[in-house]
Structures are given as C-alpha cells and as structure tokens.
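This report describes the fold, the nonpolar cores and selected residue environments of one protein chain. The sequence and the coordinates are shown first.

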Amino acid sequence: MSLRKPWRDLDRSAAAAAPDRYGVYELGDGEGEPVGHGVGVVRDEVKEALAYGDAATVRWAVAESREHAERLADDRF
C-alpha cells in the first residue's frame with residue numbers, strides 16, 4: 001500500500017516545501033507508479049532524491065519522531 005497523498009513534481013519547489021521533520025516519503029515515476037520509499041528527515045531526503053535519484057515525483061507524511069515514521073512506513077509499505 002502507498003501513501004494516500006497527492007504526488008508532487010520532484011523539483012526545487014518540492015524540496016523547499018518539504019518539512020524539516022521526520023516522516024516517511026515515497027518516490028514515483030512520471031506515470032504515478034511508486035519506485036521507492038524511505039524514512040528520515042523529509043527535507044533532507046527530498047533534496048537527496050532531487051540531486052541523485054531517478055524519480056520524477058514525491059509525496060510524504062510527517063511523523064512525530066523517527067520511531068513514529070518507521071511505524072508509518074511499516075503500516076504503508
């Protein structure tokens with residue numbers, strides 16, 4: 001199961017809008033298909049995906065802590 005959030009283009013505006021908090025994120029291709037996911041500080045992860053990844057889209061859910069983010073990821077992926 002994936003996150004139930006709308007996809008955003010993976011670009012500089014997404015990196016700027018990403019929260020500086022722990023969360024779970026999902027990367028997608030340009031067709032709306034998931035290609036990866038992870039847990040971490042969302043802004044840092046989105047910036048890294050923008051710089052090094054092959055994804056075209058991103059979406060995320062914010063968590064209260066790293067442990068909460070890991071539980072969210074376990075529930076969704």
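## Accessibility and surroundings of Arg 8

At 34% relative accessibility, Arg 8 counts as partly exposed, because its value falls between the limits of under 20% for buried and over 50% for exposed. The structure in question is a predicted model. Arg 8 belongs to strand 1, which covers residues 8-9. Setting aside neighbours within four places in sequence, Arg 8 is in contact with Ser 13, Ala 14 and Ala 17, and also with Ala 56, Thr 57, Val 58 and Trp 60. One of these partners, Val 58, stands 50 residues from Arg 8 in sequence, yet the two C-alpha atoms are 5.3 Å apart in space.

A second pair of this kind involves Gly 32, a residue of the loop between strand 2 and strand 3 (34-41). Gly 32 is partly exposed, with a relative accessibility of 32%. Its C-alpha atom lies 7.7 Å from that of Thr 57, and 25 residues separate the two in sequence. The two pairs are set out below.

| Pair | Separation in sequence | C-alpha to C-alpha distance |
|---|---|---|
| Arg 8 and Val 58 | 50 residues | 5.3 Å |
| Gly 32 and Thr 57 | 25 residues | 7.7 Å |

For the protein chain as a whole, 66% of the contacts between residues at least 6 apart in sequence join residues at least 24 apart.

## Overall fold

The protein chain contains three helices and four strands, arranged along the sequence as β-α-β-β-α-β-α. Its radius of gyration is 11 Å, which agrees with the value near 11 Å that a compact globule of 77 residues would have. Along the principal axes, the C-alpha atoms fill a box of roughly 30 × 25 × 20 Å. Of the 77 residues, 35% are buried.

## Nonpolar cores

The largest nonpolar core has twelve residues. Leu 10, Ala 14, Ala 15, Ala 18, Tyr 25 and Leu 27 belong to this core, as do Val 42, Val 46, Ala 49, Ala 55, Val 58 and Trp 60. Two or more residues come from each of helix 1 (12-17), strand 2 (22-28), helix 2 (42-52) and strand 4 (57-62). Helix 2 supplies the largest share, with three residues. A second core, separate from the one just described, consists of seven residues, including Val 24, Ala 61, Ala 63 and Ala 69.

Within the largest core, Ala 55 may be taken as an example. Beyond residues up to four places away in sequence, Ala 55 touches Leu 10, Leu 27, Gly 28 and Val 35.

## The environment of Arg 59

Is Arg 59 of strand 4 buried or exposed? Arg 59 counts as buried because its relative accessibility is 9%, and the limit for a buried residue is under 20%. Residues up to four places away in sequence aside, Arg 59 touches Ser 2, Leu 3, Lys 5, Pro 6 and Trp 7, together with Val 24, Tyr 25 and Glu 26.

Two of these partners have a specific geometry. The side chain of Arg 59 reaches the backbone oxygen of Leu 3 at 3.4 Å. Arg 59 also lies over the face of Trp 7, at 3.7 Å from the ring centre. As for contacts between rings, the structure holds zero aromatic pairs.

Notes. Residues numbered from 1 in each chain as written. Predicted model: local features only at pLDDT ≥ 70, side-chain atom pairs only at ≥ 80, totals over all residues. Heavy atoms only, no water. Core = buried A, V, L, I, M, F, W, Y, C linked by side-chain atoms within 4.5 Å. Buried < 20%, exposed > 50% of the residue type's maximum accessible area, 1.4 Å probe, protein only. Contact = heavy atoms within 4.5 Å. Polar contact = N/O pair within 3.5 Å; in protein donor to acceptor, adjacent residues only side chain to side chain. Phe/Tyr/Trp six-rings, centres within 6.5 Å; stacked < 30°, edge-to-face > 60°. Lys NZ or Arg CZ within 6 Å of the ring centre and 35° of its normal. Rg over C-alpha atoms; globule rule 2.2 N^0.38 Å.
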